[in-house]
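Me: Please go through this protein with me by question and answer. I would like each term given with its cut-off.

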Amino acid sequence: MSEQHHLTFNTHGRGAVEITDDIAATVRSSALAVGVAHVFVRHTSCGLAITENADGSVRRDLETLMQRWAPDGDPDYHHDLEGDDDMAAHARSLLTGTSVSVPFADGRLQIGTWQGIYLFEHRTRGHRREIVVTLLG
């Protein structure tokens, strides 16, 4: 059995948006008892990750690392059609990835106590982001 759901999020520019509750609500509303939730973002300049959800400094530090690994406006970039953050955003999406999978049982995500699912916006301005949640059970 499988189900597919589409969620939309408005970001406010670069940073992490916790979407755990939205994914959990999708799982709770499902008729499936046990399975895997596959979460996929349909864009090339943002990403998904499971990371610490208790201390916000973790996400700030991750942004610091991403700035080092994929800085905006690097003069060696060729792709800059949408601004200085264009190529950096694409590189950062490779670092975070475009999907995560989480097991679920009895209507609950089986994530750890300190884990959260995050949509990382890698562009400096906000965007409307589409996520596909496929439940397999």
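Reply: Helices (H or I, at least four residues) and strands (E, at least two) are DSSP runs, numbered from the N terminus, and two strands pair if DSSP finds at least two bridges between them. The model is predicted: local features need pLDDT of at least 70 and side-chain atom pairs count only at pLDDT 80 or more, while totals for chains, interfaces and linings use all residues. Residues are numbered from 1 along each chain as its sequence is written, and side-chain values use heavy atoms, with hydrogens and water left out.

Me: In what order do the strands of the five-stranded open sheet lie?
Reply: The pairing in this sheet is antiparallel. Its edge strands are β1 (2–10) and β6 (108–109), each of which pairs on one side only. The order is β1-β8-β3-β5-β6.

Me: Which residue is the bridge partner of A105 in β6?
Reply: Strand β5 (residues 99–105) and β6 run antiparallel and are joined by two bridges. The partner of A105 in β6 is R108.

Me: What is the average angle between neighbouring strands of the three-stranded sheet, direction ignored?
Reply: This open sheet has the order β2-β7-β4, with antiparallel pairing. Its edge strands, each pairing on one side only, are β2 (15–18) and β4 (46–52). Axes are lines fitted to C-alpha atoms, for helices over the stretch in contact, and angles run from 0 to 180 degrees between N-to-C directions. With direction ignored, neighbouring strands here are turned against each other on average by 35°.

Me: Which residue in β7 stands opposite T51?
Reply: β4 and β7 (residues 115–121) run antiparallel, with seven bridges joining them. Opposite T51 stands G116.

Me: What angle does the direction of helix α2 make with that of β4?
Reply: Helix α2 (residues 57–69) packs on the three-stranded sheet, where it touches β2, β4 and β7. Contact means heavy atoms within 4.5 Å. The angle between the directions of α2 and β4 is about 135°.

Me: Why do the buried residues of α2 lie on the same side?
Reply: Buried means under 20% relative accessible area, exposed over 50%, and partly exposed in between (1.4 Å probe, protein chains only). The buried residues of α2 are R59, E63 and M66. The arc is that of the directions from the helix axis to the C-beta atoms. These residues lie on the same side because the arc they cover is only 60°.

Me: Which exposed residues does the face of α2 turned away from its buried side carry?
Reply: The buried residues of α2 are covered by elements including β2, β4, α3 (86–96) and β7. The face turned away carries R60 and R68.

Me: Why do the buried residues of α1 line one face?
Reply: In α1 (residues 20–28), the buried residues are T20, I23, A24, T26 and V27. On the other side of the helix, D21 and R28 are exposed. The buried residues line one face because, seen down the axis of α1, they fall within an arc of 155°.

Me: Which residues is T26 in contact with, leaving aside neighbours within four places in sequence?
Reply: T26 is found in helix α1. This residue counts as buried because its relative accessibility is 7%. Its contacts are H5, L7, V133 and L135.

Me: What kind of aromatic pair do Y118 and F120 form?
Reply: Rings of Phe, Tyr and Trp (its six-membered ring) pair if their centres lie within 6.5 Å; planes under 30 degrees apart count as stacked, over 60 as edge-to-face and the rest as tilted. The structure holds one such pair, and both Y118 and F120 are buried. Their centres are 6.4 Å apart with 55° between the planes, and the pair is tilted.
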